[in-house]
Amino acid sequence: MYLAIRRATDDDAPDILKLTKEAFSVYRDELNVNYEVKALTETIATTLADIREQAVFVAERFGSVCGAIRIRKLSHDLWYIYRFGVSPEISSTGLGSALLDAAVKYATDNGARAIALHTNSKYYKLARYYYGKQFYVHSTSFDRGYVRALFVLELSEGGVDLSPAFLL
């Protein structure tokens with residue numbers, strides 16, 4: 001499979017938005033949730049804002065965007081992954097791991113000592129995936145109507161203030 005990972009451009013916004021809606025629809029359907037999945041309310045404007053203001057990476061396979069991940073700096077030491085999705089048609093092929101590696105490398109190169117993300121703790125497939133990537137569950141909350149787990153990847157020794165991630 002020919003695969004390229006690169007930073008997203010404004011021209012990628014429609015493809016990223018379409019992919020986000022596809023991937024998070026699968027998430028919603030597999031969990032049979034009855035709460036609003038924020039990723040499904042995203043617009044082209046919010047996608048463009050992330051491309052321009054944060055770090056957004058896309059996976060391209062044979063010229064088509066088939067995965068995307070967004071990461072942003074929350075503090076000097078802490079970065080946050082969000083809107084991470086892969087086309088349902090080619091999930092479990094290593095494409096997500098390549099995207100995650102790109103985001104982790106970018107954050108590490110820019111001083112990250114830890115990376116955090118949230119996901120539904122009942123989504124076993126994702127929880128298992130993040131555990132396999134050396135993330136651990138730091139804490140859970142029920143502030144969005146489901147058991148939301150804060151996963152953390154420690155990149156260096158010593159504690160990192162995770163409180164900025166609690167606000168997301």
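## Close-up views of a predicted model

The protein contains five helices and seven strands. The model shown here is predicted, and the legends below start with the whole chain before moving to single residues.

**View 1. The overall fold follows the pattern β-α-α-β-β-β-α-β-α-β-β-α along the sequence.** With a radius of gyration of 15 Å, close to the 15 Å that the globule rule gives for 168 residues, the protein is as compact as a globular protein of that length. Its C-alpha atoms fill a box of roughly 40 × 40 × 30 Å along the principal axes. Among contacts with a separation of 6 or more, 66% join residues 24 or more positions apart.

**View 2. The surface of the protein has an accessible area of about 8700 Å².** Carbon and sulfur atoms account for 50% of that area. On the other side of the ledger, 46% of the 168 residues count as buried. As for charge, there are 20 positive and 20 negative side chains, and the centres of these two sets are 3 Å apart.

**View 3. The largest nonpolar core has 27 residues.** Have a look at I69, I71, I81, L99, I115 and F135, which touch the most other members. Helices and strands both contribute: β2 (55–61), β3 (64–73), β4 (78–86), α3 (95–109), β5 (114–120), α4 (124–132) and β7 (148–154) each supply at least two residues of this core. The largest share, seven residues, comes from α3.

**View 4. I81 is one of the core residues that touch the most other members.** Setting aside neighbours within four places in sequence, I81 contacts I69, R70, I71, L100, I115, A116, L117 and F135. When you trace these partners, you will meet I69, I71, I115 and F135 again, which are named with I81 among the best-connected members of the core.

**View 5. V33 sits in the loop between α1 (13–31) and α2 (44–53).** This loop residue is buried, because its relative accessible area is 18% and the cut-off for buried is under 20%. Beyond residues up to four places away in sequence, V33 touches R28 and N120. Y146 is 113 residues from V33 in sequence, yet the two C-alpha atoms are 8.7 Å apart.

**View 6. F166 belongs to helix α5, which covers residues 163–166.** F166 counts as partly exposed, with 43% relative accessibility. Apart from neighbours within four places in sequence, its contacts are H138, S139 and L150. For another long-range pairing, find H118: 48 residues separate F166 and H118 along the chain, and their C-alpha atoms are 9.5 Å apart.

**View 7. R83 has a positive phi of about 50 degrees, although it is not a glycine.** This residue lies in strand β4, one of the elements that supply at least two residues of the nonpolar core. R83 itself is partly exposed, at 23% relative accessible area.

**View 8. Q134 is a residue other than glycine with a positive phi, near 75 degrees.** Look for Q134 in the loop between α4 and β6 (136–141). Q134 counts as exposed, because its relative accessibility is 58% and the cut-off for exposed is over 50%.

Conventions:
Residues are numbered from 1 along each chain as its sequence is written. This is a predicted model: local features need pLDDT of at least 70, side-chain atom pairs count only at pLDDT 80 or more; totals for chains, interfaces and linings use all residues. Side-chain values use heavy atoms; hydrogens and water are left out. A nonpolar core is a set of buried Ala, Val, Leu, Ile, Met, Phe, Trp, Tyr and Cys residues joined through side-chain atoms within 4.5 Å. Buried means under 20% relative accessible area, exposed over 50%, partly exposed in between (1.4 Å probe, protein chains only). Helices (H or I, at least four residues) and strands (E, at least two) are DSSP runs, numbered from the N terminus. Contact means heavy atoms within 4.5 Å. The radius of gyration is taken over C-alpha atoms; the globule rule is 2.2 Å times the number of residues to the power 0.38. Accessible areas come from the Shrake-Rupley method with a 1.4 Å probe; for residues, only the protein chains shown count as cover. Lys and Arg count as positive and Asp and Glu as negative; His and the chain ends are not counted. The place of a charge is taken as NZ of Lys, CZ of Arg, CG of Asp or CD of Glu.
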